[in-house]
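User: I'd like to learn how to read a few features of a protein model. Could you walk me through them one at a time?

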Amino acid sequence: MSLLIIGSLAFDDIETPFGRSENTLGGSSTYIALSASYFTDPIRMVGVVGSDFEDGHFGLLHSKNIDTKGIKVVEEGKTFRWAGRYHYDMNTRDTLDTQLNVFASFDPHIPQQYRDSKFICLGNIDPELQIKVLDQITKPELVICDTMNFWIEGKPDELKKVLERVDIFIINDSEARLLSGEPNLVKTARIIRNMGPKTLIIKKGEHGALLFTDNGIFAAPAYPLESIFDPTGAGDTFAGGFIGHLARCGTINEAEMRKAVLYGSAMASFCVEQFGTDRINDLDLLEVEDRYQSFLDLSRIEP
Ligand code: AMP
């Protein structure tokens with residue numbers, strides 16, 4: 001199933017209690033696309049970068065069969081930049097700097113051959129851009145959306161307009177509380193689902209993820225890892241595994257969505273094992289299936 005992804009392509013400066021990394025390739029759509037590439041193709045990316053985005057970066061995306069014709073290169077501009085610092089527990093982080101750069105004036109134009117895409121993933125980026133992309137898609141079958149506090153606080157009205165057109169919304173717990181104005185997550189889920197998305201996934205970092213649908217609530221654990229190196233991109237990698245699995249099987253029902261949550265969790269658990277995209281660049285499908293199996297084993301009663 002064709003999958004179109006819009007979101008940031010970025011260079012990140014990341015500090016964790018265990019190390020730091022500068023100018024690391026990142027961005028919401030980069031993580032989503034790399035993660036989804038293990039499940040489905042074609043994957044079509046829409047975004048913008050500056051002249052500092054090198055052939056090697058495109059090469060990495062191409063090596064995963066990701067179509068980058070929708071990525072505009074602004075020769076006189078600089079790629080989006082983000083800097084963040086993680087606290088000791090690695091579950092919370094401070095954004096130190098966000099420089100929109102070429103994204104500040106980006107007006108997305110969806111190439112003609114992308115307009116028939118069936119699955120649309122609106123990665124974390126300005127909600128106004130998310131709307132402009134949706135407006136150009138002929139007949140989307142499934143729209144998935146992610147966002148973060150930067151946009152919830154900065155463009156709440158635009159974000160609410162996006163949510164009216166979204167089928168599945170993925171957000172982390174603190175951002176869900178910020179958006180709903182309600183501390184309890186079950187009440188929060190009801191409030192957010194009333195904004196549009198029939199299905200909501202609330203990510204809880206090392207405490208796993210909750211899937212809310214008309215059928216009830218499904219809980220997935222997070223993989224208990226001994227060393228967590230860098231959580232950057234884990235949420236986007238989750239989204240990539242989640243939508244990648246759904247695009248691969250083409251069927252959207254409760255059981256496949258639950259499996260997709262476990263595939264998303266499996267991919268996120270790889271992401272945090274190394275800095276940036278390093279770990280999700282070179283996985284193989286067997287490792288992915290093994291980790292998925294480990295997730296099933298985590299809550300199995302019979303040994
Ligand atoms: P995550 O850890 O899943 O929230 O994703 C982190 C990635 O999101 C980093 O690679 C950043 O470059 C990117 N990012 C951070 N802030 C923003 C923002 N305001 N809009 C879009 N992408 C962002």
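**Reading the model, feature by feature**

Analyst: Happy to, and let's start with a helix pair. The axes of helix α9 (residues 254-271) and helix α11 (residues 285-298) come within 9 Å and cross at roughly 115 degrees. The crossing of α9 past α11 is right-handed. Keep in mind that this is a predicted model.

User: Which residues make the contact between α9 and α11?

Analyst: On the α9 side they are K259, L262, Y263, S265, A266, M267, S269 and F270. From α11 come E287, V288, E289, R291, Y292, F295 and L296. Sorted by class, the contact of α9 with α11 has nine nonpolar, two polar and four charged residues.

User: Where does the charged end of R291 sit?

Analyst: It sits over the ring of F270, 4.2 Å from the ring centre. Both residues belong to the helix contact we just listed, F270 from α9 and R291 from α11. Y263, also on the α9 side of that contact, has a charge over its ring too: R248 lies over its face, at 4.9 Å from the ring centre.

User: Now rings with rings. How is a pair of aromatic rings described?

Analyst: By the distance of the centres and the angle of the planes. This structure holds ten aromatic pairs. In one of them, the rings of F11 and F53 have centres 5.9 Å apart and planes at 35 degrees, so the pair is tilted. F11 is in strand β2 (residues 10-16), while F53 is in the loop between β4 (43-50) and α2 (55-63); the pair thus links distant parts of the chain, 42 residues apart.

User: Are F11 and F53 buried or exposed?

Analyst: A residue counts as buried under 20% relative accessible area. F11, at 5% relative accessibility, is therefore buried. F53 is at 6%, so F53 counts as buried as well. These two residues also form one aromatic cluster with F58.

User: What kind of aromatic pair do F80 and F103 form?

Analyst: That pair is edge-to-face, with 6.1 Å from centre to centre and 85 degrees between the planes. F80 lies in strand β6 (residues 80-86) and F103 in the loop between β7 (93-99) and β8 (119-122), so the pair ties together parts that are 23 residues apart in sequence. Both F80 and F103 are buried.

User: F103 also touches L129. What else does L129 touch, leaving out residues up to four places away in sequence?

Analyst: L129 touches F106 and P108 as well. L129 is found in helix α3 (residues 127-135), and at 5% relative accessibility it counts as buried. For a long-range view, take I6: it is 123 residues from L129 along the chain, and their C-alpha atoms are separated by 8.5 Å.

User: And what is the C-alpha separation of G216 and F150?

Analyst: Here it is 30 Å, with the two residues 66 residues apart along the chain. G216 is placed in strand β13 (residues 216-220), and at 25% relative accessibility it counts as partly exposed.

User: Which residues is T16 in contact with, leaving aside its neighbours within four places in sequence?

Analyst: T16 is in contact with Y86, M90, F229, D230 and F275. T16 is found in strand β2 and, at 10% relative accessibility, counts as buried.

User: How many residues of α1 are buried?

Analyst: Nine of its nine residues are buried, and α1 is mostly covered. Among them are S28, T30, Y31, I32 and L34.

User: Let's finish with the backbone. Which peptide bond is cis, with omega near 0 degrees?

Analyst: The bond from D41 to P42 is cis. P42 lies in the loop between α1 (28-36) and β4. For phi, look at N65 and N101. Phi of N65 is near 65 degrees, a positive value in a residue other than glycine. Phi of N101, near 45 degrees, is likewise positive in a residue other than glycine.

User: Where are N65 and N101 found?

Analyst: N65 is found in the loop between α2 and β5 (66-74), and at 56% relative accessibility N65 counts as exposed. N101 is found in the loop between β7 and β8, and at 27% relative accessibility N101 counts as partly exposed.

Methods
Residues numbered from 1 in each chain as written. Predicted model: local features only at pLDDT ≥ 70, side-chain atom pairs only at ≥ 80, totals over all residues. Heavy atoms only, no water. Axes fitted to C-alpha atoms, helices over the stretch in contact; angles between N-to-C directions. Helix = DSSP H or I, 4+ residues; strand = E, 2+ residues; numbered from the N terminus. Left-handed = near helix turned anticlockwise from the far one by under 90°. Contact = heavy atoms within 4.5 Å. Nonpolar A, V, L, I, M, F, W, Y, C, P; charged D, E, K, R; others polar. Phe/Tyr/Trp six-rings, centres within 6.5 Å; stacked < 30°, edge-to-face > 60°. Buried < 20%, exposed > 50% of the residue type's maximum accessible area, 1.4 Å probe, protein only. Lys NZ or Arg CZ within 6 Å of the ring centre and 35° of its normal.
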